[in-house]
Amino acid sequence: MSEVQAIILVGGEGTRLRPLTYGTPKPMVPIAGVPFLARSMERLYEAGITDVILAAGYMPKAITEYFGDGSRLDMRITYAIEETPLGTAGALKNVEEHVRGPFFVFNGDILTSLDLRAMIQYHKKKGGVGSLHLIEVEDPSAFGCVVHDADGAISAFIEKPPPGTAPGNDINAGTYLLEREVLDAIPAGRPVSIERETFPQLIAAGKKLYAHVTNDYWIDLGRPENYLTAHRDVLAGIMPLLVEPGITGEGVAGLRDRRGIVAPVHLDAGTTIDPTATVGPNVVLGRACHVEAGAVIRESVLWDDVRIGPRATVEESILASGVCVGSGAKVGAGSVVGHGYVIADGVEVAPGSRLSEHKK
Ligand code: GTP
């Protein structure tokens, strides 16, 4: 097998993460201070995969400016920017000229501890045209259910089966290892879905696809509640990233007093917390955030340059960069606040609110 390349699908609009994705494309949304896509790149590098194609479309500049040609990461990055979205298989067909042999495909919004080298071994052993990473879930009704036999041979794909009707609990986990010939099965020049069209067509044509079922950590970051869960898991060390459980990050050095900090908490550089504020548990503060006297932040992720005024409270919410919460204001659980939004003094934001300056 020649060196395995990787294609990462990063072209989606990320509508479920709005208003965060009005200002930041989903792959660049930070996980504990680092763009998610950069975390994915680290995983690839560790597995010896350095030739990466990014299939982008929505807000590509934020991605190309951060990663450049990849040389900073000792990788080679090629970009394909879609003018109109080509779908999860159309995006692969669109980069055919750059593909030399077997290649990984990653949905750009999955956080997983999947062992990529083990998946390469599995694929070699099985010898199919593709191996698909699957995980078992309790309720597959919100996912793409994949039916396979004891040997791993896949026989059917059932998108979002009504509750209680799925023939099994293994779902498509969004990482595939495919042979180059799979690209021959994808029509050019129109949107094509790999889950709904290409995989079922390959099976119907008698091609072999195999299920690589693992019990690795796995979460789809595309929904705000999952984004918060992912942070909790990273802070707890359940999903092993760079962050150790405890009070971590470059911002810790600047803390005058830790009495109000309830671990686990991650603080980035330049962030200040008044000694009378309560921060944590499960809080991530990005760069240059300021938390003022008596403020309370729990179970929340704040990006960069966020200001929490005196006695303000923030619960189970996500605040994008530049957000300002006025003194005594309350941000109710499940809220998502977009870039630069200002919550005035004393305002009570209802739970589950989506606040944004973005004008359609
Ligand atoms: P939602 O709008 O919230 O559903 O998010 P999304 O637009 O990202 O769609 P979804 O989560 O279903 O996409 C799964 C992955 O495929 C994400 O990493 C997307 O960036 C990517 N993706 C979806 N559609 C396209 C496409 O047409 N082209 C490319 N290049 N990537 C896509």
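**Exercise 1. Describe the lining of the largest pocket in this predicted model.**

*Solution.*
Step 1. Begin with the residues. The lining of the largest pocket comprises 39 residues. Those nearest the centre of the pocket are R16, T88, N107, D109 and E195.

Step 2. Assign the lining to secondary structure. Two or more lining residues come from each of β1 (5–10), α4 (87–93), β11 (170–178), α6 (194–204) and β13 (218–220). The greatest contribution is that of β11, with 5 residues.

Step 3. Sort the lining by class. The pocket lining has 15 nonpolar residues, 13 polar residues and 11 charged residues.

Step 4. State the volume. The space in the largest pocket amounts to about 1200 Å³.

**Exercise 2. Locate the ligand and characterise the shell of residues around it.**

*Solution.*
Step 1. Find the site. The largest pocket holds the ligand.

Step 2. List the neighbours. There are 19 residues around the ligand, and L9, T15, E82, G87 and G108 come nearest.

Step 3. Relate the shell to secondary structure. At least two shell residues are supplied by β1, and at least two by α4. With 3 residues, α4 gives the most to this shell.

Step 4. Sort the shell by class. Around the ligand are 6 nonpolar, 8 polar and 5 charged residues.

**Exercise 3. Identify polar contacts of the ligand with G11, K26 and G108, using a cut-off of 3.5 Å between N or O atoms, and state how much of the ligand the protein buries.**

*Solution.*
Step 1. Consider the ligand nitrogen. A polar backbone atom of G11 lies 3.0 Å from a nitrogen atom of the ligand.

Step 2. Consider ligand oxygen. An oxygen atom of the ligand is 2.9 Å from a polar side-chain atom of K26. For G108, a backbone N or O atom is 2.8 Å from an oxygen atom of the ligand.

Step 3. Evaluate the burial. The ligand taken alone exposes 610 Å², of which the protein buries 81%.

**Exercise 4. Determine how many cavities of 30 Å³ or more the model contains, and describe the lining of the largest cavity.**

*Solution.*
Step 1. Apply the volume threshold. The count is 4 cavities of 30 Å³ or more. In the largest cavity there is about 90 Å³ of space.

Step 2. Name the lining residues. The largest cavity is lined by I8, F36, S40, R43, L44, F106, N107, G108, I110, T112 and T175.

Step 3. Assign them to elements. At least two lining residues of the largest cavity come from each of α2 (36–46), β6 (103–107) and β7 (110–112). Here α2 gives the most, with 4 residues.

Step 4. Sort by class. The cavity lining has 5 nonpolar, 5 polar and 1 charged residues.

Step 5. Compare with the earlier exercises. N107 belongs to this cavity lining and is also among the residues nearest the centre of the largest pocket. G108 lines the cavity and has a backbone N or O atom 2.8 Å from a ligand oxygen atom.

**Exercise 5. Examine the backbone at P264, P281 and A32, and place each residue in the structure.**

*Solution.*
Step 1. Recall the usual geometry. Most residues other than glycine have a negative phi, and most peptide bonds are trans.

Step 2. Treat the prolines. A263 and P264 are joined by a cis peptide bond, with omega about 0°. P264 lies in the loop between β14 (247–248) and β15 (265–267). A cis peptide bond, with omega about 0°, also joins G280 and P281. P281 is in the loop between β17 (278–279) and β18 (283–285).

Step 3. Treat the alanine. Although A32 is not a glycine, its phi is positive, at about 45°. A32 occurs in the loop between β2 (30–31) and β3 (34–35).

How values were computed
Residues numbered from 1 in each chain as written. Predicted model: local features only at pLDDT ≥ 70, side-chain atom pairs only at ≥ 80, totals over all residues. Heavy atoms only, no water. 1 Å grid on protein atoms, 1.4 Å probe; cavity = no way out; pocket = protein on both sides within 12 Å on 5 of 7 lines; lining within 4 Å. Points joined across faces, edges and corners; volume = space filled by probe spheres on them. Nonpolar A, V, L, I, M, F, W, Y, C, P; charged D, E, K, R; others polar. Near = heavy atom within 4 Å. Polar contact = N/O pair within 3.5 Å; in protein donor to acceptor, adjacent residues only side chain to side chain. Areas by Shrake-Rupley, 256 points an atom, 1.4 Å probe, with all protein chains shown as cover. Sits in = over half its atoms within 2 Å of the grid points.
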